[in-house]
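Here is a short round of questions on how the descriptions of this model are reached. Each answer sets a value against its criterion.

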Amino acid sequence: MVSPPQGSAVTEPQPAPAHTAIPQPSGPNLRGEADAAFRVRDFKRALELYEVLAQANDAHSYNDVAKSKHGAALWRVAELGPEADRVAQIDHAIGLLTQALSHRDPGYRARSFYERSKAWWHRWRTEPSDRALQQAVADAGEAARIEGDPSFINWYERLTAEEERLRTTGQRPGGSTSA
């Protein structure tokens, strides 16, 4: 066996962790990791990171865009979790997305309306109410009005068709009929 040259150390390669530990709150790094997780649709990881970022009270890093992504990740994770927690989580997501609507850039505002519409729709599917569906339709319409993104328009059209189907058949999610 050949010895390493004098003064150098031999180290064994270390396996990469499956998930890196949640970093200590430090604005830009934490925000970057949260945004990266959101971008690759790792919503559970993004949610964990946005939660830490929210608790750090760093208004520069946890701004309206971060709140919008936090809310969007939250309603998606809520859909996968226990039904008992779903309504509270979706309501929290709606609150975050409502805060995010104050962004001055129309594109970000439109995205927040779109995501809030999705959250309201999932709220309606969990606990059907006319108010939840009406709010989902209104938010989708506002997103499409602000920015004519095809996905916003398609979502609005899907919701208006659902609203019309409900009006004509009375059929609610889960097969129940309106009273």
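Q: How many of the contacts between residues at least 6 apart in sequence join residues at least 24 apart?
A: In this predicted model, 53% of them do. A contact here requires heavy atoms within 4.5 Å.

Q: What makes the pattern of the protein α-α-α-α-α-α-α?
A: The protein has seven helices and zero strands. Read along the sequence, they give that pattern.

Q: Why are H4 and H5 called roughly antiparallel?
A: Helix H4 (residues 83-100) and helix H5 (residues 106-126) pack at about 160°. Angles over 145 degrees count as roughly antiparallel, and H4 and H5 are therefore described that way. Their axes lie 9 Å apart, and the crossing is left-handed.

Q: Which residues make the contact between H4 and H5?
A: H4 contributes residues including Arg-86, Ile-90, Asp-91 and Leu-97. Among those from H5 are Glu-115, Arg-116, Trp-120 and Arg-123.

Q: What makes H3 mostly covered?
A: Buried means under 20% relative accessible area. In H3, 14 of 17 residues are buried. Across the 179 residues of the protein, 40% count as buried.

Q: How do you know what span is expected of H3?
A: The expectation uses 1.5 Å a residue, which gives 24 Å for H3. Helix H3 (residues 64-80) reaches 25 Å from its first C-alpha to its last, close to that value.

Q: What makes the approach of Asn-63 to Val-65 a polar contact?
A: The cut-off for a pair of N or O atoms is 3.5 Å. At the start of H3, a side-chain oxygen of Asn-63 comes to within 3.2 Å of the backbone nitrogen of Val-65.

Methods. Residues are numbered from 1 along each chain as its sequence is written. This is a predicted model: local features need pLDDT of at least 70, side-chain atom pairs count only at pLDDT 80 or more; totals for chains, interfaces and linings use all residues. Side-chain values use heavy atoms; hydrogens and water are left out. Helices (H or I, at least four residues) and strands (E, at least two) are DSSP runs, numbered from the N terminus. The expected span of a helix is 1.5 Å times one less than its number of residues. Buried means under 20% relative accessible area, exposed over 50%, partly exposed in between (1.4 Å probe, protein chains only). A polar contact is a pair of N or O atoms within 3.5 Å; within protein, one must be able to donate a hydrogen and the other to accept it, and residues adjacent in sequence count only if both atoms are side-chain atoms. Axes are lines fitted to C-alpha atoms, for helices over the stretch in contact, and angles run from 0 to 180 degrees between N-to-C directions. Angles under 35 degrees count as roughly parallel, over 145 as roughly antiparallel, 65 to 115 as roughly perpendicular and the rest as oblique. A crossing is left-handed if the near helix is turned anticlockwise from the far one by less than a right angle, and right-handed if clockwise.
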